[in-house]
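Please follow the explanation below with the sequence and the model side by side, moving from a pair of packed helices to a single helix and then to a single residue.

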Amino acid sequence: MGIRFFQGQKIKYEHEFSQLREIVEILRREYPAEPVYLLTGVLVANGQIDCVILTKNGPLILDLKAFSGEIAGVENGNWVAKTKDGPIPLPNLFLQAKIHRQDFIDRLIPICRQHFPHIGEKNLRKLGSWLYFCRGSTYAEGQIDFRKVKWFRIVTADDLIQKMRFLESGYTLRIQDMDAIVEGLGLKEYSFEEESALVPASRRMKRPLVSRTTLIVLLIIFGVFTVGVFIVVTFPGAKVAAANALQGVITLVGGWAHLVTMETVKKNSTPEDSQQAIIYLNRFRVAEGMLPIAYDRRAYSLALARSEDMADFRYLNYTNPQTGSSALALKRWHGFSENETLLETLYGQWTGYTPGIERQAIDAWLIDPGNRQRLFFAQVAGAIACTDGYCSYIGVRPAPLIANETLNATGSPG
């Protein structure tokens, strides 16, 4: 039967799609004929679950994390990803996994009572909620006792299947049970391959050469021109007035065409766009009791360079996987001193640059706990810039508060 795909919310970020594609390839090799349902973008009470795998052994939650390095964290307190570019502070990922697990169990219980009561609510509570990191990531033993917390694991593509083989749900999930879960969650089936056709941003739907509005305007101009010619031919004395009117029309049309052309070919955030985005961000900071930040032209210059680099090389990460370029490596070229500490947050969308993408990026960051925390960090200035569908926010930290911190105090790209 193979894998079927269902979604609540569409995949928004390139790193999520990349990790999901990796998971799909692994599952297809392991389950060539066995029924497997892959659920993505599942909204629950306290957020959104990235991925749920339904097999005959029951559901398994995967929270996707686009980090590669040594992961450190226990049940309490914040976590950290020790990458080659330095430590990246993270929120409490154990708590996130625990909350997602309980939310999903709460959604499954009424479905179970109605459609498969034989499984029992006690067995549903054996559901696993794991963190899925990039290949090469490690989690040292002795931090969380997995013998006591059996529902929690940290996995990568290297050991996902191996650990899935030891899932002990105590029941068998039938196809009709999987269908009941999908229906009860209100998910829609989709083609994973068609989703992949939307990547990257440059592969957009073809637009008509002339929009409907533009065609109407051109028809009006043609009509006015025809009437003008008729008047000039019929009434010779109207030639001077017609000439002046024609010159005015030409000036007006030229200005309109210039504006339309600028909006059509625009691919980058302007300094004005960035300033308006900072004003928008400050509304949320003030509402949370934080001081507003100032617009920083150096931060805009660096954010624009970062977004252009991501657009050119088609990646969404804090380090260019081909050149090794990063905000840390570029900071001094954009006017920052060595003792100034920056933080970066990323966003990507498939539809390329669209008016208002700066605010869309902020909205997306605000609903992600890790990125929200970074927007509210103590900082004095910042800027955001987008190129095509890639956005970078650079925040400038006050020097007295960051003596022991490093660049890239960042969460998952959002």
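In this predicted model, the axes of helix 9 (residues 271-287) and helix 12 (residues 357-366) come within 9 Å and cross at roughly 30°. Because angles under 35 degrees count as roughly parallel, helix 9 and helix 12 are therefore described as roughly parallel to each other, and helix 9 passes helix 12 in a right-handed crossing. On the side of helix 9, the contact is made by Asp273, Ala277, Tyr280, Leu281, Arg283 and Phe284, which meet Glu358, Arg359, Ile362, Asp363 and Leu366 in helix 12. Sorted by type, the residues of this contact comprise six nonpolar and five charged ones, with no polar residue among them.

Helix 1 (residues 14-30) offers a check on geometry: at 1.5 Å a residue, its 17 residues should span 24 Å, and the 25 Å between its end C-alpha atoms agrees with that expectation. The buried residues of helix 1 are Glu14, His15, Glu16, Phe17, Gln19, Leu20, Glu22, Ile23, Val24, Ile26 and Leu27.

Two of these residues, Ile23 and Leu27, reappear among the contacts of Ile53, a residue placed in strand 3 (residues 47-55). Ile53 has 0% relative accessibility and so counts as buried, the cut-off being under 20%. Leaving aside neighbours within four places in sequence, Ile53 is also in contact with Val36, Tyr37, Leu38, Gly58, Pro59, Leu60, Leu62 and Met164. As for Val36, its C-alpha atom is separated by 7.1 Å from that of Ile53, although the two residues are 17 residues apart along the chain.

Technical notes. Residues are numbered from 1 along each chain as its sequence is written. This is a predicted model: local features need pLDDT of at least 70, side-chain atom pairs count only at pLDDT 80 or more; totals for chains, interfaces and linings use all residues. Side-chain values use heavy atoms; hydrogens and water are left out. Helices (H or I, at least four residues) and strands (E, at least two) are DSSP runs, numbered from the N terminus. The expected span of a helix is 1.5 Å times one less than its number of residues. Buried means under 20% relative accessible area, exposed over 50%, partly exposed in between (1.4 Å probe, protein chains only). Axes are lines fitted to C-alpha atoms, for helices over the stretch in contact, and angles run from 0 to 180 degrees between N-to-C directions. Angles under 35 degrees count as roughly parallel, over 145 as roughly antiparallel, 65 to 115 as roughly perpendicular and the rest as oblique. A crossing is left-handed if the near helix is turned anticlockwise from the far one by less than a right angle, and right-handed if clockwise. Contact means heavy atoms within 4.5 Å. Ala, Val, Leu, Ile, Met, Phe, Trp, Tyr, Cys and Pro count as nonpolar, Asp, Glu, Lys and Arg as charged, and the others, Gly among them, as polar.
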